[in-house]
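Student: I would like to go through this structure with you and ask how each label is earned.
Tutor: Gladly! Let us put the values beside the definitions.

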Amino acid sequence: MAGIELVKLEKHYVVEGKTIPVLTGINLQIPEERITVILGKSGCGKTTLLRLAGGLEDPDGGSIHYGLSQRTAFVFQEPRLMPWLDVTGNICFGLKRQEIHRDEIHSIIHTVGLDGFEKAYPSQLSGGMQQRTAIARALAYHPSFIMMDEPFAALDYFTREQMQRELLRVWKSQKASILFVTHSIDEALLLGHKIVIIEKGVVKTEFELPKAGDFRNLLDDKFIMLKREIIENLNVAV
Amino acid sequence: MGIFSTYVLPSPGKVWGSFQKMLLSGEVFRDIMISMGRVFKGFAIAFVLAFLLGMIRAMIPASGVFYEYLVQFFRNVPPLSLIPLLILWCGIGETTKTVIIVLASFFPMYLNIVKGFTGCDRKLLEVGKVFGYSRLKQFVKITLPYASADILVGMRIGLGYSWRAIIGAEMVAASSGLGHMILFAQQMSRTDKVIVGILVIGLIGYGTDRIFGWAIKKLLKGSCENGWN
């Protein structure tokens, strides 16, 4: 078995004595070397699913089966940078001393557009710059699996597009498996090879897209049709 | 001006003159060095104890049950009230003074260290978990730096408490040091020397506090201003 397999996965939270079910029996195959996008409305359990798959929380029922040994990196909704470390220190945070190659770190800093801010501390950066540092930290780790929880939500349009292109480039060059959570249908269509719609704690629909690493033109008829289908699935009024 | 008796309040000139004489004779340096030696010895022991107990409390939360009540009990007992017992048990040697300083400076450091360690942002700890950090590595790379502001503030308060305690201890159970010098000068009706002693203690306290302020500023360069610089 390659990738990650979720079998009848359940998770609930207890708030003031009341049990609130979040995931109620998710069955999902997250394939290797592909970008799987989890799409759904706010509060549908996307982040919980990601946290369970990433091993940050334990499920209340069901099981998770991992394939080959994985080197996982996580990009959270918020940057989660170490305030006492500068940009370079934060990017190298997950690396062992012998894994740090200055040239490569400079290249990653350039990629995320933080040239000149190598010695800046998180408190000196804007929200978008902090998030880019968090993305750079994940890329520098050379993960075989990247878990991303709405990582580009805090970025402006141009930076978001640049980061989406960069993510596709990383996927093409490293063939990393990516589990990407978003509530943006366009982002899901741009990046995903597999789009999974979650609703009421279960997988409602899965869409398979061609495994192309290039930036897609969302104005193509097939993507417009697919977007319409996704919108209908999400029960969003058009 | 003759408003106050020189016995009650000696003139600045007389105080300055006494200070110069004490400087030239080296008497004041001897007392400063003795008091400083005691303070730093007691302070260092208290810091190591506070750090270790705070670390155990943070890494094994259940361990707090075993000693937290004892810590809270002794936190409310003024160290100077223990002097009679300590003299009985340890005599008027160095041990008594060291124990008094340890008791005085331990609690502010312990409370700040525990606050720093246990208050570490869980979201940052999750970052360590994602990168596969062991509990020890997580402590060294995340919890410890995160708590450094609280640790340094605790050390700063603890050092101030150490100076207060040593002067009290030396006034009762010593034959040397700044506390003893002040008490001896009072018994000899040398109010000028008493004032010199008070000023010297204040200056040393201010000096060490500034050094800590500088260290905090250097070590917490990435964090926001904490109002202690």
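Student: Why does Ile146(A) count as buried or exposed, whichever it is?
Tutor: Ile146(A) has 1% relative accessibility, so it counts as buried. The cut-offs are under 20% relative accessible area for buried, over 50% for exposed and partly exposed in between, with a 1.4 Å probe and protein chains only. Before we go on, this is a predicted model: local features need pLDDT of at least 70, side-chain atom pairs count only at pLDDT 80 or more, and totals for chains, interfaces and linings use all residues. Residues are numbered from 1 along each chain as its sequence is written, chains are lettered from A and ligands numbered from 1 in the order in which they are written, and side-chain values use heavy atoms, with hydrogens and water left out.

Student: Where is Ile146(A) found, and what does it touch?
Tutor: Ile146(A) is in strand E6 (residues 145–149) of chain A. Strands (E, at least two residues) and helices (H or I, at least four) are DSSP runs, numbered from the N terminus. Leaving out residues up to four places away in sequence, Ile146(A) touches Ala73(A), Ala176(A), Ser177(A), Ile178(A) and Leu179(A), where contact means heavy atoms within 4.5 Å.

Student: What makes chain A as compact as a globular protein of its length?
Tutor: Chain A has seven helices and nine strands. Its radius of gyration is 18 Å, close to the 18 Å that the globule rule gives for 238 residues, so chain A is as compact as a globular protein of that length. That radius is taken over C-alpha atoms, and the rule is 2.2 Å times the number of residues to the power 0.38. Of the 238 residues, 53% count as buried.

Student: How do you know that helix H1 of chain A is mostly covered?
Tutor: Seven of the eight residues in H1 (residues 46–53) are buried, among them Leu49(A), Leu50(A) and Leu52(A).

Student: Why is the pair Glu57(A) and Lys11(A) called a salt bridge?
Tutor: The term asks for a side-chain nitrogen of Lys or Arg within 4 Å of a carboxyl oxygen of Asp or Glu. The closest N and O atoms of Glu57(A) and Lys11(A) are 3.6 Å apart. Glu57(A) lies in the loop between H1 and strand E4 (61–66) of chain A and Lys11(A) in strand E1 (residues 4–15), so the pair ties together parts that are 46 residues apart in sequence. Both Glu57(A) and Lys11(A) are buried.

Student: How do the partners Lys119(A) and Asp86(A) fare, buried or exposed?
Tutor: Their side chains meet in a salt bridge at 3.9 Å, N to O. Lys119(A) is exposed, with a relative accessible area of 64%, whereas Asp86(A) is buried, with 14%.

Student: Which label does Glu94(B) get?
Tutor: Glu94(B) has a relative accessible area of 37%, so it is partly exposed. Glu94(B) forms a salt bridge with Arg38(B), the closest N and O atoms being 3.0 Å apart. Arg38(B), at 6% relative accessibility, counts as buried.

Student: Why does Phe4(B) count as exposed?
Tutor: Phe4(B) has 55% relative accessibility, so it counts as exposed. Phe4(B) sits in the segment before helix H1 (12–25) of chain B.
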